[in-house]
Amino acid sequence: MPFAPESFPQDTAQGLVTAAGPAPLVVVQGLCKQFPGGAAPALQGIDATVFAGRMTGLVGPDGAGKTTLLRLMVGLMHGNAGSVTVAGHNAATQAEAIHEVTGYMPQKFGLYEDLTVLENLTLYADLRHVVGKARQERFQQLLHFTDLERFQKRLAGKLSGGMKQKLGLACALLGNPRLLLLDEPSVGVDPISRRELWGMVRELLDGGMGVVWSTAYLDEAEKCDTVILLNQGVKLYDGPPKSLLQSVAGRVFQARGVQEHDRRRVLTHLLQQESVMDGVIQGRYVRVTLREGATTPPLEHGEWVAAAPCFEDAFINALGGGPGGRSRLAESMEVKPVTDQAVIKAQDLTKCFGNFVAVKDNTFRIARGEIFGLLGPNGAGKSTTFKMMCGLLQPTHGKAFVMGLDLKTATSAARSRIGYMAQKFSLYGQLNVLQNLKFFSGLYGLGGRLQKERIDLMVSIFDLHAYLGMNAGVLPLGFKQRLALACSVMHHPDVLFLDEPTSGVDPITRREFWTHINGMVEKGVTVMVTTHFMDEAEYCDRIGFIYRGENIATGSPDDLKAMARTAAMPEPTLEDAFITLVERSDAAREGAA
Amino acid sequence: MIAFFRRIRALIGKELLTLFRDPKVRIILIAPPMMQLFIFSFAATLEVKNVSVAVLNQDNGKHGLALVHRVAASPTFTRMVFVQSQAELVPLLDEQRIIAALHIAPDFSRGVESGQGASVQLIMDGRRSNAAQIVSGYITSIITAYSMEISKTSGGTPPPALTIERNWFNENLIYLWFTVPSLVAVLAMLITIMVTALSVAREKELGTFEQLLVSPLVPWELLLGKTLPAILVGFCEGLMIVAISVTIFRIPFTGSFLLLAATLLVFVISLVGIGLFLSSISSTQQQAILGAFVFLVPAVTLSGFASPVENMPHWLQVAGLVNPLRHALIPIKGLFLKNMPAIDVWANIWPMLIIAVVGLVLSGWFFTRRLE
């Protein structure tokens, strides 16, 4: 539903386009922030401008400083140097005035889960002094706008991730703000709701509102009017996304016609070429970014086709290129025994929590040396499936087999051939890096010289030298994930379970992880991985799309894309495919009902 | 087999590191029990000292005065309040400014002299029942002593029976001799339960428990790895308090040290069983702490430390048999004060062994039972 500009009568008068161009709504100058006890500064000399009527993307991996910058803008904390001005008010001294004109939606918006949608709105309206007739009108508008009219009486805790974000947005919009700050609004939201949310916020721009949308998804960045790209507290780029893409224009190519079973080897080979700066697997193609002035290296099979650069290519370029294609981790491993039996098998796996069906009849098989991905939004049932496979949850019915065994009752010897990396960081934060490595290697029965060799190798591969004596809990995020991966593979497992291994890390670390995973798979390791990054799923041999607990489609990335291919959409992305298949599944469900 | 020892070693090493690596945790393990030992020993006493008593002496004779003098001379009654009328007594008692009032009637001396006998009235503050009883005992014994003296000097017949008091094991009824040995057990219990209750719950909360469950550790290895470090910590803590009791508080230790060590060890093992059980049914540290308190408070109050077990209703006495502190207090006090023989110590050790086995088996079973 179109959100008419006149819905914000106050806004149209101020902070809008003048003859000289749009007036800046937020001006950040030389902003620095150092947290006490923090190793590196959270923000270093940031200059940025946010304009009214534009969508500004605040882009970067976890720990880049996005939330810190947003909090500084609303005056929730003060910088160590530099200044922030919002609508002419100084954020350090006039935070009250800024709150009057700003809507801020933090990452975990403070919705009261035990209050209904309407009660939550009422509460925030009270806090914002929106009263009387104005309140009723505003509620009407916002409920209509966010499409929550039907759910007024529902408890906020019972809303889906997407609806929660919409309600959070409605609460943030209550005070008729001129500036809207959204901290990772698309996290935990399924792709369809994500698109809806994006569309809603875009409509607000027409009313003259300035919006800052912070995100770790680089594909979202591409759609913003302007982006501020942060990495480890440093601004890498500021401007329209198109100009950033210019930096890699003409350097991105796809190798097509590479043999299916060969693409990982081809990628490894290509990444070792001098001319290649970065490369990824994209379904059956291999996509590379060349160094400046370089030409495409020769291919044994297939041909090079120029591809449109994406934001991630540009980001990697800005960071100085990818990590190379060699995995010393995989090189140190022995080739795993060949078998034509399925290594991982799920049969009608179902899990109910009370009335709630978290996973329904999930069936799949994974062969030796295959990467199988479970792809879906948060809360779709990926982790639940995963835990049932690892024997951490008892399936309500159905069976899970790993190497022919139920892990819940498997022997110690069988479990020592499994590697498991949990979704959130779950090493011992109060032990240092070396103690963690020692503990996990000891836990898997390594000892003596072999243990020492393996630990040394992990330290060298993952660059942990500088951090050996540091408590694992205070490591930078990328190193936490590296340490977690190291701990889960030190015993050279045959089967590797990775639950969101790259969640929140920067693209370079993600590349590095996938280099290791690809290398291990070439040695015959079987990998099961969950992810909510659509692009990351391209590395998988096969994917299961998980939506509302159901496996709605299984196949190779290309098969899945083919299922969604239409005349209107000849080259669908995995996200397009996901959305199409979800819509089909919804339609089928409604048809059946 | 080698792999088994490596796994156990890794797990025990990790447990000890989590407990002793952080200086803050180290201090928490040592400082509060020591402070509690000193504070409880001096403050948590049931002895009646420094009490105030009111006297309403309406008698003008010498006997009334003599009696008042004797009460006033007792070191227990540090403050005497002399009142002139019954009406003055009421607010004093009401506001708890005195614990007892001694009322000597106008005809007291006359009654004594005439040989017909006389009585005094003692009014007590029933709200402080325990202290009141003790005060009543003190005053009664003063009065008895005085009446015996009178009958002796007046040449009357001595009373037919006399009580001669003799306190065994603690001749001077020094209260510290009772509290400090009990505190050895109480404080060892506090620290052991807290350490173990948090151990699994912390791992569940942080997600590391799942890492352990998917590892090659089998349940009983996990149990062993969790149990041994906790036993070590609780046992050492107990021994440390024993050492302080003997050296600083000068509590006589008359029994066998080996028997005391054995009692402490079995006691701590039974506590580890309970603590791990609490931990294995909690999913967060907060729940574990709540669970620990739900266990600790009744365990201490119903153990016989604060009030005699015999005073409790029969069914509670039976139910209280599952409380390891109740079993531990008897031999620990016994070994300190009366050189308890091995056979009597054993009579209290085996119930704790049963509690230990049940607790450890239950927690082991809950370990393997996955979250849902």
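Domain bounds here come from an automatic or database domain assignment. Keep in mind, too, that this is a predicted model.

**Exercise 1. Lay out chain A and work out how domain 1 meets domain 2.**

Step 1: Mark the domains. In chain A, domain 1 covers 5-242, domain 2 covers 247-326, and domain 3 is pieced together from 337-417 + 494-502 + 527-592.

Step 2: Get the spacing. Between the C-alpha centres of domain 1 of chain A and domain 2 of chain A there are 36 Å.

Step 3: Look at who touches whom. Domain 1 of chain A puts nine residues into the contact, and domain 2 of chain A puts in six residues.

Step 4: Trace the domain 1 side back to its elements. At least two residues each come from α8 (218-221), β11 (226-231) and β12 (234-239) of chain A. The top contributor to that side is α8(A), with three residues.

Step 5: Sort that side by chemistry. On the side of domain 1 of chain A that touches domain 2 of chain A, you get six nonpolar, one polar and two charged residues.

**Exercise 2. Do the domain layout for chain B.**

Step 1: Find the bounds. Chain B splits into domain 1 (51-153) and domain 2 (172-368).

Step 2: Check the spacing. Taken over C-alpha atoms, the centres of domain 1 of chain B and domain 2 of chain B are 47 Å apart.

**Exercise 3. Describe the side of chain B that touches chain A.**

Step 1: Count both sides. Chain B brings 26 residues to the contact and chain A brings 25 residues.

Step 2: Pick out the helices. α1 (2-20) and α8 (208-214) of chain B each supply at least two residues of chain B's side. Of the elements there, α1(B) gives the most, with 10 residues.

Step 3: Sort by chemistry. The chain B side comes out as 12 nonpolar, five polar and nine charged residues.

**Exercise 4. Find the nonpolar cores and explore one residue at the heart of the search.**

Step 1: Start with the general idea. In soluble globular proteins, nonpolar side chains tend to be buried together.

Step 2: Locate the largest core. It has 231 residues, and those with the most contacts inside it are A:Met389, A:Leu483, A:Phe497 and B:Ala185. Helix α7 (residues 175-206) of chain B gives the most to this core, with 19 residues.

Step 3: Zoom in on A:Met389. Skipping neighbours within four places in sequence, A:Met389 is in contact with A:Ile344, A:Ala346, A:Ala400, A:Val402, A:Phe497 and A:Met528.

Step 4: Look for another core. There's a second, separate one of 18 residues, including B:Ala54, B:Ala100, B:Val112 and B:Ala118.

Terms used:
Residues numbered from 1 in each chain as written. Chains lettered and ligands numbered in written order. Predicted model: local features only at pLDDT ≥ 70, side-chain atom pairs only at ≥ 80, totals over all residues. Contact = placed C-beta atoms within 7 Å. Helix = DSSP H or I, 4+ residues; strand = E, 2+ residues; numbered from the N terminus. Nonpolar A, V, L, I, M, F, W, Y, C, P; charged D, E, K, R; others polar. Core = buried A, V, L, I, M, F, W, Y, C linked by C-beta atoms within 7 Å. Buried ≥ 20, exposed ≤ 12 C-beta atoms within 10 Å, placed from the backbone.
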